[in-house]
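Student: I'd like to learn how to read a multi-chain model. Can we take it one feature at a time?
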Number of protein chains: 4
Amino acid sequence: MPIKLAANAYGKNAVNLSRVIRHAGHHEFRQVSVSVQLTGDFEAAHTLGDNSLILPTDTQKNTVYALAKEHFTGTIEAYGLVLARHFVSRNPQVSKARIELLEHGWQRMHFDGQDHPHAFTGGGSEKRRAVVELTADGTTTVWAGLKGLMLLKTADSGFVGYPKDEYTVLPETTDRILATECEAEWEYISADLDFEALYQKIRTGLLRTFSAHQSLSVQHTLYAIGEKILEQNDEVKEISLIMPNKHHIPFNLTPFGQENTNEVFVATDAPFGYITGTVVRG
Amino acid sequence: MPIKLAANAYGKNAVNLSRVIRHAGHHEFRQVSVSVQLTGDFEAAHTLGDNSLILPTDTQKNTVYALAKEHFTGTIEAYGLVLARHFVSRNPQVSKARIELLEHGWQRMHFDGQDHPHAFTGGGSEKRRAVVELTADGTTTVWAGLKGLMLLKTADSGFVGYPKDEYTVLPETTDRILATECEAEWEYISADLDFEALYQKIRTGLLRTFSAHQSLSVQHTLYAIGEKILEQNDEVKEISLIMPNKHHIPFNLTPFGQENTNEVFVATDAPFGYITGTVVRG
Amino acid sequence: MPIKLAANAYGKNAVNLSRVIRHAGHHEFRQVSVSVQLTGDFEAAHTLGDNSLILPTDTQKNTVYALAKEHFTGTIEAYGLVLARHFVSRNPQVSKARIELLEHGWQRMHFDGQDHPHAFTGGGSEKRRAVVELTADGTTTVWAGLKGLMLLKTADSGFVGYPKDEYTVLPETTDRILATECEAEWEYISADLDFEALYQKIRTGLLRTFSAHQSLSVQHTLYAIGEKILEQNDEVKEISLIMPNKHHIPFNLTPFGQENTNEVFVATDAPFGYITGTVVRG
Amino acid sequence: MPIKLAANAYGKNAVNLSRVIRHAGHHEFRQVSVSVQLTGDFEAAHTLGDNSLILPTDTQKNTVYALAKEHFTGTIEAYGLVLARHFVSRNPQVSKARIELLEHGWQRMHFDGQDHPHAFTGGGSEKRRAVVELTADGTTTVWAGLKGLMLLKTADSGFVGYPKDEYTVLPETTDRILATECEAEWEYISADLDFEALYQKIRTGLLRTFSAHQSLSVQHTLYAIGEKILEQNDEVKEISLIMPNKHHIPFNLTPFGQENTNEVFVATDAPFGYITGTVVRG
C-alpha cells in the first residue's frame, strides 16, 4: 500500500497580544493569547518541500498584531471572526481557519468608591476562551468558554452508593469538599450574537448552579450545570464540561487522639479524578 | 427540544506508580504515570445522581497499584493491556476502557566500564507513552509513542519559496536552526507484538531521519519521518506527529558593528509555530 | 585542613493544609502551604549517620495537621507562632525553627447582594505569606508579605535619562506600560500585633502607591512603595520588594503602514528586568 | 527616624543565548540562560528618579549577545568572567557585578559508532551552573555547580534511630528508595582554573559517592558527598548541597491480600523533606 499524508494543520500558537484602548479619562487594558491554525492544500509542502502555499507562521503572527489596532476593540469572539475571515479570504489554499483566543483577566483598581483610570491587578488562573472556525465555503462556528476556574464548596456534596469490589477502600460520605478546576466550552447557534452579555450570563449561571446543587457526584453536578445553561440560553447549541476532582482528603487525626470532624484536609494534586461530559439538545 | 447527555467519560488520571524489580545482583527501576478512562452506561449518575454503576476513581487507582506487583514487569503496553482487560471484564457497564501510560526514563549509572546494580539518574523531558483501548466487544487497539523529545540540528535546514503578502517580514533562509519538541504516536496493527523492540527501532528511525533530512520546512521533515517509519515497520498502521517549531532567531548584531554569520541566536518560547500531521497507508 | 560541616538545616516543605472552619450558618475555607525548617545540633547525623536528634520530617508534617484543628483558626502569622513554639519547646537540639506559610486566597461567592455560606472561587496567583522564626533563647521574629501580585498601569510611567553606550538600542519613553509581579516582605517590630488589620492596610497602601506614582523607573516606584509603607506603619521595621519588569514592548507596525501610538504590545516572559530593594529606618 | 534605601540590586535575568560554533566538519551547539545583577550607586534612581547611573537592562541584554560571538567559545565560567569584567570596567558606578549562567545540556546524536556532525537531543532537567562575582576593587569569585540532577537508588539506604513523639507515625526502615533532585554549588579558590575538567571530575565524584554510600539519612549522604569532593579537589574551597527528599512511599497492599516487599511505590511531589548543608575546610 502506498504511504500518504492524511489529516494535517499548522499555524502560529501563543501570540501574546496586549492592547491599550485609550478613552478620554480612562484606559482599557486587554491581554490575549491568540493561536491560528490553518487546514488546506499543504500536501506538496510535506511531500516535496514546496512552500508556495505555506503562509509563514511569522506572517500569521504579524497579522494578529497588525489587525489589532483597528479590530481588537471588543470581544475576543469578534476579533476571532475578523482574523478567520482575513486568512480564509486571502488564501485560497486554506480550506479552514481556526482561531483560538485565551483572554487573561485584569481587574481595574478601585479606591474610595472610584475606579482607577489606568491601574489594574491580574494573575488569576481563570481565562476566558473563544474559538472561531471558518471554512472556505463560508460556514462559521463560534465556541466560547472558560478555563482554570477554581470552584470549591464545603457543604452539599457527597458520594455514596457506588459499586464495591476487592480494591475498594474509599469510605462513603455524605459530607465532603467538592473542588474542581472547571473548563467549559459551549457552541453558539450563530456568529451574530451579543457575545459579551451571553458570556457573563452563562458564567454566572455556572457559578450559581455549582453553589446551589445538592451534589451526589461530580458527574451529577457537571450535568446539572450543563442542563441549566442550555435551559437558560437558547443561543447555546451544546456545552462540554471538564471537571477534574481536586481531592481534599480528611487527614487521619486518630493516631493523635483527635477526631477529624471534616475540618482538616490534605489537598492533593495527583492522582485526580477526571470527569468530562457534553450536554446537548436532543 | 429535550436536553440530554451526550459523550462522557471519567477515570483516575496521573496515578504515579514506581516499581522496583529485584533481580539477583541488580535492580530495575521503573516509573510511570497511569491514567484510566472509562466510557459506558453512566447516564443515571449524571441525571439522577445514581452511583450504582460508577466504579470510584479511588478504586481504579488502587487497582493500578494492586495489579502492578504481579503484572507490571515488562513494557507499558503490556501493563496497559492487563489493566484494560481488568476493567472491561469486571464491569459490564463499561463499554470502553482507555489506559494511558507515560513512562519517565531512568538511566542506570555506569562507572569504570560497569553498570551500577541499583543507582540511576533521571529527569529527562522525553517520556515513552502507550495508550491501550479495549471495548466490550473485545476490540483492542494499541498506540505507542513519545513526548518531550527535544531535537535540534544546526545544518541542512532552510525555509524559502513561501507566499509573501503585506504582513511578510520574515527573510528567506537556506541555513537555519531546526529545533522541535517532538511528540509522536503510532497505531500498531495488533496487540500481540514485541513492543520493546519495535519502540526502540521506531525511535531510532525517527532520530536518524530527523538528523539526515535535507529539511525544506518543518512539514517536510515531519512527513519524511512518518513515511520512513511506515516504510520500515509493517507493524505500524499510521503515525501522527506534532512538531512545534522552537524558533532560534539570529540576534541582530548589526547595530554593534558585527555580522551575525549564523552563530548567535535567541531561543524564544512564544509564539511558536505548531505543525501537526498524520501519515497513513492509503 | 580538616573538613567539617558548616551551615545546615532541614525540614518538611509544602505541607498542603486545608481547613474548614464551621460557623453556624456559614463556613470559612482556608488553604495554606506550610514549610518547616529546623536548625540545631545535627552534626552527628551528617558525619556519623546518628539520627537520635533528627525529628523526622514526616513527624513535622503530622504536627502541622494535628495542631491545625485547635490552633489554625486565625491568621497565618498566629499559626506560625504556634508551630515555631511547638518545635523549639519540644526539641532541645533545635536552636532555631523557621515556619513559612503561604496562603492561597479563596473568595466567597456572592449572588443577589448576599454572601454564599459555603461556595468559593480561587485560583489567583497572589499568595499571602508569613515567616516566623523562633530561636532557643526566645527571640521571635515575624515577617509578613505577599507573592505573585500582578500589577500593571498604562499611564504615568516612563524611562529616560539613562547612560548610553555602544550596546544601547532602547529608545527613551515618557509613556510606557509598567507591569510587575510584585513580591514584598516586611519585618514587624513585634510578634504581638493585629496581623490581619496590618496586612490589609499595607497591601492597600502598596496598591495605592503603585497606581498613583509618577514612575520614572521601576526602582523609583519600588522605593516610593517602601517609603510609604514605612511612613504609614510604625509597626513595620523594614520592607524588601522584588519587582521584575514584565516588559510590554510596542509592536513595530511601521512595515504595515501603521503608526503604533502605544496601543498594541507584545508581552514577553524572558528576558526580564529584575529589580530588588530594601527600605529601612535609618 | 528617617527612611532610607538599604541593600538593592538590579539587572537582566533569563537572557536566552544559543550559540553555534562552526568547526570544519562539525558544529558545537550551546544554550545558556544568562542573568546579570549589578550593585552600586543607585540611590538617586530610587529616591529621585534620576537614571543617569542606571545602565538599562536592555543594554545589558544586548551586551550578552554582542560579546558572545567573540567570547562565548568555552566554559560558562570563562564567559561569566568576560561579562563581569565588561560591566565593572565600563561602569564606575557599579561596585559589584554578578553573572549567573545556567547551561542546558544538548547531547550529540550518535549512529553506527559515529558522532553526528550537527544533530542533537536535549531536554534534561539537569543544568550546569556558574556564578561569577567581580567587585570594583578587583576581587573575583567563581562558583560552579549544577541543578536539577535527579538521583535515585533502590538499595543501601535506610532511616532508623530517630526520636519518637506523639506525632510519630513513620516506621523505621533499613531498606528504602533514596531519591533527590540534587543542587550543588561549590566555590573555587581561584578564577584561573581548568573549569571544564574540574566540573566533570566533581560531577563524577558526586555520582560515585551517591551510588556507593551506605546511607543512614539524606543528611548522611549529603555530607559524604561534600566531604569527598573537598578531599578530592584542592581547588574547591567549600560546597553547598540541597537535597530534597523525593519520597517514594510503599503502597499499602495489605487490604488486597498482598505483601508489598518493597516493590510497588507511590512517588509524591508534596510535601517533601528539604535538606541543605555546606561543607567547608576548617
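Student: Let's start with symmetry. What rotation and what shift along its axis superpose chain A on chain D?

Tutor: The general idea is that two copies of a chain are related by a rotation about an axis and a shift along it. Keep in mind that this is a predicted model. Here, chain A lands on chain D after a rotation of 180° with 0.0 Å of shift along the axis, and the RMSD is 0.0 Å. That is the relation of a two-fold axis. If you want a landmark for the axis in chain A, go to A:Asp269, since its C-alpha is the nearest one, 4.3 Å away.

Student: Through which surface do the copies A and D meet?

Tutor: Look at the overlap of the interface residues. For chain A, 100% of them are also interface residues in chain D, so the two copies meet through the same surface.

Student: And chain B on chain A, what rotation is that?

Tutor: Again you read off a rotation and a shift: 180° and 0.0 Å along the axis, with an RMSD of 0.0 Å. In chain B, the residue closest to the rotation axis is B:Ala7, whose C-alpha is at 11 Å. Interface residues of chain B are 100% interface residues in chain A as well, so these copies too meet through the same surface.

Student: On to helices. At roughly what angle do H5 and H6 of chain D cross?

Tutor: Two packed helices are described by the angle between their axes and the distance between the axes. In chain D, take helix H5 (residues 195-212) and helix H6 (residues 218-232): their axes come within 9 Å and cross at roughly 140°. An angle over 145 degrees would count as roughly antiparallel, but H5(D) and H6(D) are therefore oblique to each other. The handedness of the H5(D) and H6(D) crossing is right-handed.

Student: Which residues of H5(D) and H6(D) meet?

Tutor: On the H5(D) side you'll find D:Lys201, D:Ile202, D:Gly205, D:Leu206, D:Thr209 and D:Phe210. Facing them from H6(D) are D:Thr221, D:Ala224, D:Ile225, D:Lys228, D:Ile229 and D:Gln232. Sort the residues of this H5(D)–H6(D) contact by class and you get six nonpolar, four polar and two charged.

Student: What about H5 and H6 in chain B, how do they cross?

Tutor: In chain B, the axes of H5 (residues 195-212) and H6 (residues 218-232) come within 9 Å, crossing at roughly 140°. H5(B) and H6(B) are therefore oblique, and their crossing is right-handed. Contact residues include B:Leu206 and B:Phe210 from H5(B), along with B:Ile225 and B:Ile229 from H6(B). By class, the H5(B)–H6(B) contact holds six nonpolar, four polar and two charged residues.

Student: And at about what angle do H5 and H6 of chain C pack?

Tutor: About 140°, with the axes of H5 (residues 195-212) and H6 (residues 218-232) of chain C 9 Å apart. H5(C) and H6(C) are therefore oblique to each other, and H5(C) passes H6(C) in a right-handed crossing. Among the residues making that contact are C:Ile202 and C:Leu206 of H5(C) and C:Ala224 and C:Ile225 of H6(C).

Student: Now charges. How many salt bridges are there over all chains?

Tutor: Searching the whole structure turns up 73 salt bridges over all chains. One pair to look at is A:Arg22 with C:Asp175, whose side chains meet in a salt bridge at 3.8 Å, N to O. A:Arg22 sits in strand S2 (residues 15-23) of chain A, and C:Asp175 in the loop between strands S8 (140-153) and S9 (178-188) of chain C, so this pair joins two chains.

Student: Last stop, the backbone. Is the peptide bond from B:Ala270 to B:Pro271 cis or trans?

Tutor: Omega is what you read for this. From B:Ala270 to B:Pro271 omega is near -5°, and the bond is cis. B:Pro271 belongs to the loop between strand S12 (264-267) and strand S13 (272-281) of chain B. Chain D has a cis bond joining D:Ala270 and D:Pro271, with omega about -5°, and D:Pro271 is in the loop between S12 (264-267) and S13 (272-281) of chain D.

Student: What is phi of A:Ala14 near?

Tutor: Near 60°, a positive value in a residue other than glycine. You'll find A:Ala14 in the loop between strand S1 (3-13) and S2 of chain A.

Definitions and conventions:
Residues numbered from 1 in each chain as written. Chains lettered and ligands numbered in written order. Predicted model: local features only at pLDDT ≥ 70, side-chain atom pairs only at ≥ 80, totals over all residues. Heavy atoms only, no water. Least-squares fit on C-alpha atoms with pLDDT ≥ 70 in both. Contact = heavy atoms within 4.5 Å. Axes fitted to C-alpha atoms, helices over the stretch in contact; angles between N-to-C directions. Helix = DSSP H or I, 4+ residues; strand = E, 2+ residues; numbered from the N terminus. Parallel < 35°, antiparallel > 145°, perpendicular 65-115°, else oblique. Left-handed = near helix turned anticlockwise from the far one by under 90°. Nonpolar A, V, L, I, M, F, W, Y, C, P; charged D, E, K, R; others polar. Salt bridge = Lys/Arg side-chain N within 4 Å of Asp/Glu carboxyl O.
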